[in-house]
Amino acid sequence: MEPFQYRDRQLYCEDVPVAELAARFGTPLYVYSQSAILETLNSLRSAFADVDPLVCYSVKANSNLGILKVMAEHGSGFDVVSGGELHRVKLAGGDPERIVFAGVGKTDDEIVAGLEAGVLMFNVESEGELEAIARVAAAMNRVAPIALRVNPDVDPRTHRYTSTGKKESKFGMDIERSLRVAEAALTMSSVRMIGMHMHIGSQITTTEPYAGAVAKGVEVIGRLRRMGHPIEWYNMGGGFGIAYKKSEARSIAEFAAAILPGVKAVGCRLAIEPGRVIAGNAGILVSRVLYTKQSGDKRFLIQDAAMNDLIRPALYESFHRIWPVVATPGLPAPPDDFEAAIPGTEPWDVVGPVCESGDFLAKDRFLPQLDRGDLIAIFSAGAYGMVMASNYNTRPRAAEVLVALRQSRLVRRRETYEDLVSQEIGM
Ligand code: LLP
C-alpha cells in the first residue's frame, strides 16, 4: 500500500485528503500513516522469520506516544537510548521484556530505571559502562542482562554523521577490546552476557556493509561462547535505508538475505533496531506558502515550515521530495529523481521563516507555480523529523496527526506561546 498518493490531483494520506487535515489542524503539520507503519513492522517480521526476530523499533526516529502505542499493541519491541525514551515506552504500554536499552552514556539513574522496568538487555558501549551496570545491579541485588556493542570497523557508506560502525566512531568497542572486556565480565556476578550488539550506521542503502559486519559478528560470538558467555541474541542494530527519491535503497528482503545466513549459523535469535525504515516514509510534513520572491535570478518559496521543524536538509544536506498538495491541472508527474527539470516548472529554493541562511528545505527544486496559501508536502519526514524539532526563533513546534484509513487523530497538539515559556521561572 502506498500511504501517500494523488487521487484526482489531490494528495491523500490513506483515505483522507491532506488538504482537509491542514485546514483542520493548521500548518506546519506532520501527518503519519498508521497502515504504513504497521505494514513495515510486519514486513520486517516476515523477512527475518527464520531467526525468530524481535523487532525493537528505534524510538529516537519518531517517539510520538500515539505511534508507540499502536506499535506496542501490535507486539513491537523497542530500542531506547535514554530514561526519557524508556518513560515514553512504558507510558505507551510497551512490554519491558521487548526493550533493549542502548546509548553510549547511560547514567546510574537510567541504569536503575532499566533494571526496575525489567528490560530485555542493556547494550554495553564501554568498559566503564559495564562496571557501572555491574555495580548498580549488585546494589539492587539483581543480575543485569547485557549485550556487548562491538564495533566491526566496516564502512556503511552513508553520511559521515550517520556512520557508526567504523573504528573512529564513538560507538561500541573494537573487537579485541570487546573480547578483553568480555573476559572481565566473566568475573562479575551481577551481569549476564546474553547477546552481542552491532549498529553500523543509518540510511544504509546497500547490503554489503551488513554482510561484512555479520561475518565478523559470527566470529566474535564464537569466541564469546568459548569464553563461557551464554550468547542467545545477535542484535544487528538498525540502519536500513529508505527511498528519499524513488528507489535508492535495497529492499527489506535484500537486507534480510545478507544478514540471515550468519545469524542462522550461530543459532541466535535476532534482534533488530530499525527506526527510519518504519517511520520515514510513513510521514510527511505539510506546510503553507507564505510568500514567493525573486532575488536576481533566484526564486524563493517562503513557507511556514522551517529548519526548527525539519532540520535534516540544514544538518545533512539531505534530500526530501516536495510537491504541491493540490497539483495544478495539466502538470506532468514529477520525474523519479525529483531533480530533473519538468516542463511547466521552475527551480525554487524552498525556505522557512527562520533567520539563518541554513534554513532551507530544498535548493533549486523544480516546482510548479505556487502562490500564497498553497500547500506543499515534504515527503519522507516521518523519521528524524519532529523528534529533532526545536523552538528556535521561539517557534511553537508543529502538530502531529495519525491517520488510519478514513480516521485521523491529533496525536500531538500544536504548541502555544504559553507552552514555550512555561518552564522559565524566577521572573
Ligand atoms: N540503533 C542504534 C544504536 C542507533 O544509533 C540508531 C540510530 C538506530 C538503531 C536506528 O537507526 P535507523 O534504523 O533509524 O537508521 N538523525 C539522523 C539519523 C541518526 C541515527 C542515529 N542512530 C538522520 O536524520 O538521518
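The following questions and answers cover the domains, cores, sheets and one helix of a predicted model.

Visitor: What conventions apply to the model and its numbering?
Guide: Residues are numbered from 1 along each chain as its sequence is written, and side-chain values use heavy atoms, with hydrogens and water left out. The model is predicted: local features need pLDDT of at least 70, side-chain atom pairs count only at pLDDT 80 or more, and totals for chains, interfaces and linings use all residues.

Visitor: How far apart are the C-alpha centres of domain 1 and domain 2?
Guide: Domain bounds come from an automatic or database domain assignment. That assignment gives domain 1 (4–31 + 280–421) and domain 2 (34–277). Contact (heavy atoms within 4.5 Å) involves 26 residues of domain 1 and 22 residues of domain 2. The C-alpha centres of the two domains are separated by 32 Å.

Visitor: Where does the largest nonpolar core lie with respect to domain 1 and domain 2?
Guide: A nonpolar core is a set of buried Ala, Val, Leu, Ile, Met, Phe, Trp, Tyr and Cys residues joined through side-chain atoms within 4.5 Å; buried means under 20% relative accessible area, exposed over 50%, and partly exposed in between (1.4 Å probe, protein chains only). The largest such core has 129 residues, and Phe-48, Tyr-234 and Met-236 have the most contacts inside it. Helix H9 (residues 252–266) supplies the largest share, 7 residues. Both domains give residues to this core, so its place is between domain 1 and domain 2.

Visitor: How many residues are in the second, separate core?
Guide: Met-236 of the largest core touches, among others, Met-198, Tyr-210, Ile-259 and Ile-272, not counting residues up to four places away in sequence. The second core is separate and includes Val-100, Leu-120, Ala-147 and Ile-194. Its size is 9 residues.

Visitor: How many residues of strand S9 are buried?
Guide: Helices (H or I, at least four residues) and strands (E, at least two) are DSSP runs, numbered from the N terminus. In a regular strand the side chains alternate between the two faces of the sheet. In S9, Ala-144, Ile-146, Leu-148 and Val-150 point one way, Pro-145, Ala-147, Arg-149 and Asn-151 the other, and all are buried. For S9 (residues 144–151) the count of buried residues is 8 of 8.

Visitor: Which residue in S11 is the bridge partner of Ala-147?
Guide: Two strands pair if DSSP finds at least two bridges between them. S9 runs parallel to S8 (residues 121–124) with 3 bridges, and to S10 (residues 173–174) with 2 bridges. With S11 (residues 191–197), S9 pairs in the parallel sense over 6 bridges. There, Ala-147 is partnered by Gly-195.

Visitor: Which are the edge strands of the open sheet S1-S2-S3?
Guide: This sheet has 3 strands in the order S1-S2-S3, with antiparallel pairing. S2 (residues 10–13) and S3 are joined by 2 bridges, and Tyr-12 stands opposite Pro-17. The edge strands, each pairing on one side only, are S1 (4–7) and S3 (16–17).

Visitor: What is the relative accessible area of Thr-40?
Guide: Thr-40 is found in helix H2, where Ile-37, Leu-41 and Leu-44 are among the buried residues. Leaving aside neighbours within four places in sequence, Thr-40 is in contact with Ile-252, Val-277 and Ile-278. Thr-40 is buried, and its relative accessible area is 15%.
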